[in-house]
Amino acid sequence: MKEIKERICQDIKNLWPAAVTIVFVMIMMNVVFHAFCPMVVLTGLPCPGCGMTRSLFYLLTGRIGQSVRMHPMGIPAAGIMLYYLWNRYIGGKRAKGMKFLIVTSILLFVILYFVRMYCFFPDREPYVYMKDNILAKILPFYEQILHALQIL
């Protein structure tokens with residue numbers, strides 16, 4: 001138990017500046033732009049991870065169907081995180097196969113992104129267009145470009 005506590009304390013000591021920065025940026029983005037995702041804030045378009053926070057929230061509260069609906073990768077991502085945390089803190093060793101799991105997950109995220117954009121955009125949460133985005137504010141013709149590209 002002492003080793004687990006030491007590993008956790010060491011990670012907190014090493015990672016707290018990054019964690020505080022990320023939390024601060026997310027809070028400011030939500031206050032200013034009413035969204036957490038940098039891609040949504042910049043382009044108004046959803047990113048491959050859109051819906052992941054809600055998916056994990058639904059998973060943690062036992063609403064599996066809603067979790068999958070928000071993002072099908074929520075359950076696998078939670079499994080990978082638990083696998084890593086278990087090995088890091090309980091097992092005290094490196095989690096074998098993490099590079100493979102991460103690369104495979106990224107590929108699945110990208111594939112699912114295009115499938116979900118084709119099937120659900122722009123009518124189903126979380127795959128909706130946010131009109132109040134930075135590019136639309138600074139480029140008056142931005143939405144016309146999206147229409148010409150048949151994105152909207």
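1. In this predicted model, the charged end of R124 sits over the ring of F120, and the distance from that charged end to the ring centre is 3.8 Å.

2. Turning to contacts between rings, the structure holds three aromatic pairs. One of them joins Y113 and F114, whose ring centres are 5.4 Å apart and whose planes meet at 70 degrees, an arrangement that is edge-to-face. As for their surroundings, Y113 has 11% relative accessibility and therefore counts as buried, whereas F114, at 54% relative accessibility, counts as exposed.

3. Y113 also pairs with Y127, and here the ring centres lie 6.1 Å apart with the planes at 50 degrees, so this pair is described as tilted. Y113 belongs to helix 6 (residues 98-120), while Y127 lies in the loop between helix 6 and helix 7 (134-138), which means that the pair ties together parts that are 14 residues apart in sequence. Both of these tyrosines, Y113 and Y127, are buried.

4. Taking these contacts together, the ring pairs link Y113, F114 and Y127 into a cluster, and a student tracing the cluster in the model may like to begin at Y113, which forms a pair with F114 and another with Y127.

5. A further aromatic residue to look at is F57, which lies in helix 3 (residues 52-60). With a relative accessibility of 46%, F57 counts as partly exposed, because that value falls between the 20% limit for buried and the 50% limit for exposed. F57 and F109 are 52 residues apart along the chain, and their C-alpha atoms are separated by 18 Å.

Methods:
Residues numbered from 1 in each chain as written. Predicted model: local features only at pLDDT ≥ 70, side-chain atom pairs only at ≥ 80, totals over all residues. Heavy atoms only, no water. Phe/Tyr/Trp six-rings, centres within 6.5 Å; stacked < 30°, edge-to-face > 60°. Buried < 20%, exposed > 50% of the residue type's maximum accessible area, 1.4 Å probe, protein only. Helix = DSSP H or I, 4+ residues; strand = E, 2+ residues; numbered from the N terminus. Lys NZ or Arg CZ within 6 Å of the ring centre and 35° of its normal.
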